[in-house]
Amino acid sequence: MTRVGSITRKTAETDISVALDLDGTGRSDINTGIGFFDHMLILLAKHGLFDLTVKVQGDIYVDGHHTVEDAGIVIGQAVLKALGDKSGIKRYGTAFVPMDEALAMVSLDISGRPFLAYDAPVTSGKVGTYDTELTEEFLRALAVNAGLTIHVKLLAGKNAHHIIEAIFKALGRALDEASRQDSRITGVMSTKGMLS
């Protein structure tokens, strides 16, 4: 059974198309108009072993907020679609990723109950044209639209690029672990019999 999700979404601010294969090899084709954000989504796919295509036409002449947040919405919707009925998935995933002086932890639950706990202060306001505060906005949009509980904790770090890169790599690895299917699991990993 293929676990893929393709979503398009057009608003007055953004026009986005996303294609996601949870059982890919880490290939990506990303163009959001924000170079550093492209780099982060490439890392997300590579470390999550997802095949991911993201194309965004956004109002970046205003700033990057709508592009990054709306990309999180659509990627989240694609994740939810690709997960299907969530049968056989491990549900939980945690990853610690070092990036030079930075160390980030992401722990998540494919619970159907959206929540973001974000404790990753970044002192620099920008990396390239990317506003560093948008990392939290992306993660919140992803959590809400994919039905994920996500905890992000920065354990060490000073360099904004390193911190955000560690977070995206850890996100990919945690989501890969949580979405991985295990033949020992019958139905969903919940005593309730459902994940929603």
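Here is a short run of questions and answers on helix packing, sheets and two loop residues in this predicted model.

Q: At what angle do the axes of α3 and α4 cross, and are the two helices roughly parallel or antiparallel to each other?
A: Start with the geometry: the axes of α3 (residues 134-146) and α4 (residues 160-179) come within 11 Å and cross at roughly 15 degrees. Angles under 35 degrees count as roughly parallel. α3 and α4 are therefore roughly parallel.

Q: How many nonpolar, polar and charged residues make up the contact of α3 with α4?
A: On the α3 side you have T135, F138, L139 and L142, and they meet I164, I167, F168 and L171 in α4. Sorting the residues of this contact by type gives seven nonpolar, one polar and no charged.

Q: Is the crossing of α1 and α4 left-handed or right-handed?
A: Helix α1 (residues 35-48) packs against α4 with the axes 7 Å apart, at an angle of about 35 degrees. For reference, the α3 and α4 crossing is left-handed. The crossing of α1 and α4 is right-handed.

Q: How do the residues of the contact of α1 with α4 divide into nonpolar, polar and charged?
A: α1 brings residues including F36, F37, M40, L41 and H47 to this contact. Among their partners in α4 are E165, F168, K169, R173 and D176. The split comes out as nine nonpolar, five polar and four charged.

Q: Which strands are the edge strands of the sheet β5-β6-β10-β7?
A: This is an open sheet of four strands with mixed pairing, in the order β5-β6-β10-β7. An edge strand here pairs on one side only, and that picks out β5 (92-99) and β7 (115-119).

Q: In β6, which residue is the bridge partner of V97?
A: β5 and β6 (residues 102-109) run antiparallel, and eight bridges join them. Look across from V97 into β6 and the bridge partner is A104.

Q: Which strands of that sheet does α4 touch?
A: Two helices pack here, and α3 touches β7 and β10 (149-156), with its direction at about 160 degrees to that of β7. The direction of α4 makes about 150 degrees with that of β5. As for contacts, α4 touches β5, β6, β7 and β10.

Q: Why is one side of β1 and of β3 left without a neighbour in the sheet?
A: The open sheet here has four strands in the order β1-β2-β4-β3, with mixed pairing. β1 (4-10) and β3 (28-31) stand at its edges. One side of each is left without a neighbour because each has a single partner strand.

Q: Which residue in β4 does S17 stand opposite?
A: Eight bridges join β2 (residues 14-21) to β4 (residues 51-58), and the two strands run antiparallel. Opposite S17 in β4 is K55.

Q: Which strands does α2 touch as it packs on the sheet?
A: α1 packs on this sheet too, touching β3 and β4. Helix α2 (residues 65-83) has a direction about 145 degrees from that of β1. The strands α2 touches are β1, β2 and β4.

Q: Is D100 buried or exposed?
A: D100 sits in the loop between β5 and β6, and its phi is positive, near 55 degrees, in a residue other than glycine. Most residues other than glycine have a negative phi. With a relative accessibility of 62%, against a cut-off of over 50%, D100 is exposed.

Technical notes
Residues numbered from 1 in each chain as written. Predicted model: local features only at pLDDT ≥ 70, side-chain atom pairs only at ≥ 80, totals over all residues. Heavy atoms only, no water. Axes fitted to C-alpha atoms, helices over the stretch in contact; angles between N-to-C directions. Parallel < 35°, antiparallel > 145°, perpendicular 65-115°, else oblique. Left-handed = near helix turned anticlockwise from the far one by under 90°. Contact = heavy atoms within 4.5 Å. Nonpolar A, V, L, I, M, F, W, Y, C, P; charged D, E, K, R; others polar. Pairing = 2+ DSSP bridges. Buried < 20%, exposed > 50% of the residue type's maximum accessible area, 1.4 Å probe, protein only.
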